[in-house]
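Visitor: I am new to this structure and would like a close look at a single part of it. Please show me the model, and then I will say where to begin.

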Amino acid sequence: KRWSDNLVYNGDLASDDLTSFAAKWGPDNDYTVGNGSVVNGAFEVISRERSAGAPVHYSQMFIKLDEFVMPGEKVYVSFDYRADVATSVPTQAHHVPCAYNWYSLLGDLQFATGWKTYSNTITISQDQGANGGMGAIAFNLNQNAEAHHYYLRNVVIRKETTLDPGKKWSD
């Protein structure tokens, strides 16, 4: 078995191109690719303050994949993360940003003020890969009601494949 190329465009955030990164604020399901900014080589999203009774997904940031991952497929996921406050951040599987598939993908990440690394190989479940596949990872940023800064960098997501070395996905 082999691993695909990175499914996240500009995952190293070497430029300001945020094609694979998005954010949304508020109760609606409108998101904008590129919302947020690149700060010192990291994708930054500032959550908005959440009013009483509003859901924890009021503010979300997304990693948008270049292709869908189907149920039963394995993916390697790795990234560095931090926030300006220690907090728990639930993750979800989405078909595309704001098109929810399942409430749990990577579990609840414990963000801290110093950089941490998430690295794991996971198999996408039927629920996570519903509606035509999982194409985005959502981070629910409003466990705390206050506004905070969240950062991701060095984002790598690869699918397990049986392609011969040197073959491209388009071949």
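Visitor: Does Gln92 count as buried or exposed, and at what relative accessibility? Please take that residue as the starting point and work outward from there.

Guide: Before turning to the residue, please keep in mind that this is a predicted model. Gln92 counts as buried, because its relative accessibility is 9% and the cut-off for buried is under 20%.

The residue lies in strand E8, and that strand deserves a careful look. Strand E8 covers residues 87-94, and 8 of its 8 residues are buried, so the strand is largely enclosed by the rest of the structure. The cover is found on both faces: on one side Thr87, Val89, Thr91 and Ala93 are buried, and on the other side so are Ser88, Pro90, Gln92 and His94. Gln92 therefore belongs to a strand that is largely enclosed, with 8 of 8 residues buried.

Now consider what Gln92 meets there. Its side chain makes a polar contact, at 2.8 Å, with the side chain of His94. If neighbours within four places in sequence are left aside, Gln92 is in contact with Gln60, with Tyr100, Trp102, Tyr103, Ser104 and Leu105, and with Ala136, Ile137, Ala138 and Asn140.

The strand pairings give a frame for some of these names. E8 is joined to strand E12, residues 134-140, by 4 bridges, and the two run antiparallel; within this pairing, Ala93 stands opposite Ile137. Another 4 bridges join E8 to strand E10, residues 108-111, again in an antiparallel arrangement, and here Val89 stands opposite Leu109. E8 also pairs with strand E9, residues 100-102, through 2 bridges, and this pairing is antiparallel as well. His94, the polar partner of Gln92, has Tyr100 as its bridge partner in E9. E8 and E9 form a hairpin with 5 residues between the strands, and in this hairpin Cys98 takes a positive phi near 75°.

Two of the residues in contact with Gln92, Trp102 and Tyr103, bring us to the aromatic rings. A search of the whole structure finds 8 aromatic pairs. The rings of Trp102 and Tyr103 have centres 4.8 Å apart and planes at 45°, so this pair is tilted. Trp102 counts as partly exposed, with a relative accessibility of 28%, whereas Tyr103 is exposed, at 53%. The buried Gln92 is thus in contact with residues that include the exposed Tyr103. Elsewhere, ring pairs link Phe79, Tyr81, Phe111, Tyr118, Phe139 and Tyr150 into a cluster.

Ile137, which is in contact with Gln92 and stands opposite Ala93, leads on to the nonpolar core. The largest nonpolar core has 34 residues, and those with the most contacts inside it are Met61, Ile63, Phe79, Ile137, Phe139, Leu152 and Ile157. Strand E7, residues 74-83, gives the most to this core, with 5 residues. In soluble globular proteins, nonpolar side chains tend to be buried together. Ile63 shows how such a residue is surrounded: not counting residues up to four places away in sequence, it touches Val8, Ser20, Phe21, Phe79, Gly135, Ala136, Ile137, Phe139, Leu152, Val155 and Ile157. Ala136 and Ile137 are among the contacts of Ile63, and both are also in contact with Gln92.

Strand E2, residues 21-25, offers a second example of an enclosed strand, because 4 of its 5 residues are buried and it is largely enclosed by the rest of the structure. It is joined by 5 bridges to strand E6, residues 59-69, and the two run antiparallel; Ala22 has Phe62 as its bridge partner in E6.

Stepping back to the whole protein, there are 0 helices and 13 strands. Of its 171 residues, 43% count as buried. Among the contacts with a separation of 6 or more, 76% are accounted for by residues 24 or more positions apart. The accessible surface comes to about 8,100 Å², of which 46% belongs to carbon and sulfur atoms.

How values were computed:
Residues numbered from 1 in each chain as written. Predicted model: local features only at pLDDT ≥ 70, side-chain atom pairs only at ≥ 80, totals over all residues. Heavy atoms only, no water. Core = buried A, V, L, I, M, F, W, Y, C linked by side-chain atoms within 4.5 Å. Buried < 20%, exposed > 50% of the residue type's maximum accessible area, 1.4 Å probe, protein only. Contact = heavy atoms within 4.5 Å. Areas by Shrake-Rupley, 256 points an atom, 1.4 Å probe, with all protein chains shown as cover. Pairing = 2+ DSSP bridges. Polar contact = N/O pair within 3.5 Å; in protein donor to acceptor, adjacent residues only side chain to side chain. Phe/Tyr/Trp six-rings, centres within 6.5 Å; stacked < 30°, edge-to-face > 60°.
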